[in-house]
Amino acid sequence: MKKTVFYVTGLIAAAGLSGCIHTTSEVEIKPVEIKPIKISLDVQVKVDEALDKSAQPTGNAERDAISTRMRERRPQIQSWQEAEAIGINNRGKLENRLSEDDRSRKAVQILIDAENQDRDAMVRSIAASKGITAEEVESAWALRSGDRAESGTWLQDADGTWYQK
């Protein structure tokens, strides 16, 4: 019986002592720096908005004149695109696809030059108003033109390869 009392007393003492043991842990909390995240809008969206608005009068006489000339040329351009004489390159500009000896080549080129001159002016205007580069506008314009082109239109991909839509 002495052994039992000894064991019980030992257990009670051990249990009591275990409650007296005190441990502490220290955790160092360092300040966390939260940096701003730069979010850039998709250039395509900016250009699409600008191109949609370019068809409407802006109050800017020069830009409105460009839009009017481009709108007036549109039927001729579409006709030559249907005849596979004009393609749209990967910068959104028109290119002559007629052979050098084709008698219509010069007339088509005059139309293309006038259109591309106005497209260049519109690209510069959009780039300046949206705070992006002309190259970004041209790339987005090319994508938009390709998406909206009629079936059979000649298009140029990013690698410079021509294909028909």
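User: What pattern does the protein follow, read along the sequence?

Analyst: In this predicted model, the protein follows α-α-α-β-β-α-α-β-β. Its secondary structure comes to five helices and four strands.

User: What makes strand 2 and strand 4 edge strands?

Analyst: The four strands form an open sheet in the order 2-1-3-4, with mixed pairing. Strand 2 (94-96) and strand 4 (162-164) each pair on one side only, and are therefore the edge strands. From one strand to the next, the twist averages 35°.

User: How do you know that strand 3 pairs with strand 4?

Analyst: Pairing requires at least two bridges between the strands. Three bridges join strand 3 (residues 154-156) to strand 4, so the two count as paired. They run antiparallel. Trp-154, for instance, has Gln-164 in strand 4 as its bridge partner.

User: Which helix packs on the sheet, and which strands does it touch?

Analyst: Helix 4 (residues 105-130) packs on the sheet and touches strand 1 (86-88) and strand 2. The direction of helix 4 makes about 165° with that of strand 2. Angles here run from 0 to 180 degrees between N-to-C directions, so the two run in nearly opposite directions.

User: Why is the set that includes Ile-77 and Leu-155 called a nonpolar core?

Analyst: A nonpolar core takes buried residues of certain kinds, Ala, Val, Leu and Ile among them, joined through side-chain atoms within 4.5 Å. The largest such core has eleven residues: Ile-77, Ala-85, Ile-86, Ile-88, Leu-94, Leu-98, Val-108, Leu-111, Ile-112, Ala-149 and Leu-155. Each is an Ala, Val, Leu or Ile, so the kinds fit the definition. As members of a core they are buried, which means under 20% relative accessible area.

User: Which elements give two or more residues to this core?

Analyst: Strand 1 and helix 4 do. The largest share, three residues, comes from helix 4.

User: What is Leu-155 in contact with, leaving aside its neighbours within four places in sequence?

Analyst: Leu-155 is in contact with Ile-88, Gly-146, Ala-149, Thr-161, Trp-162, Tyr-163 and Lys-165. Contact means heavy atoms within 4.5 Å, so each of these has a heavy atom within that distance of Leu-155. Apart from the largest core lies another, of ten residues, including Met-122, Val-123, Ala-127 and Val-137.

User: How many of the residues are buried, as a percentage?

Analyst: Buried residues make up 31% of the 165 residues in the protein. The protein exposes about 12000 Å², and carbon and sulfur atoms supply 55% of that area.

Note on methods: Residues are numbered from 1 along each chain as its sequence is written. This is a predicted model: local features need pLDDT of at least 70, side-chain atom pairs count only at pLDDT 80 or more; totals for chains, interfaces and linings use all residues. Side-chain values use heavy atoms; hydrogens and water are left out. Buried means under 20% relative accessible area, exposed over 50%, partly exposed in between (1.4 Å probe, protein chains only). Accessible areas come from the Shrake-Rupley method with a 1.4 Å probe; for residues, only the protein chains shown count as cover.
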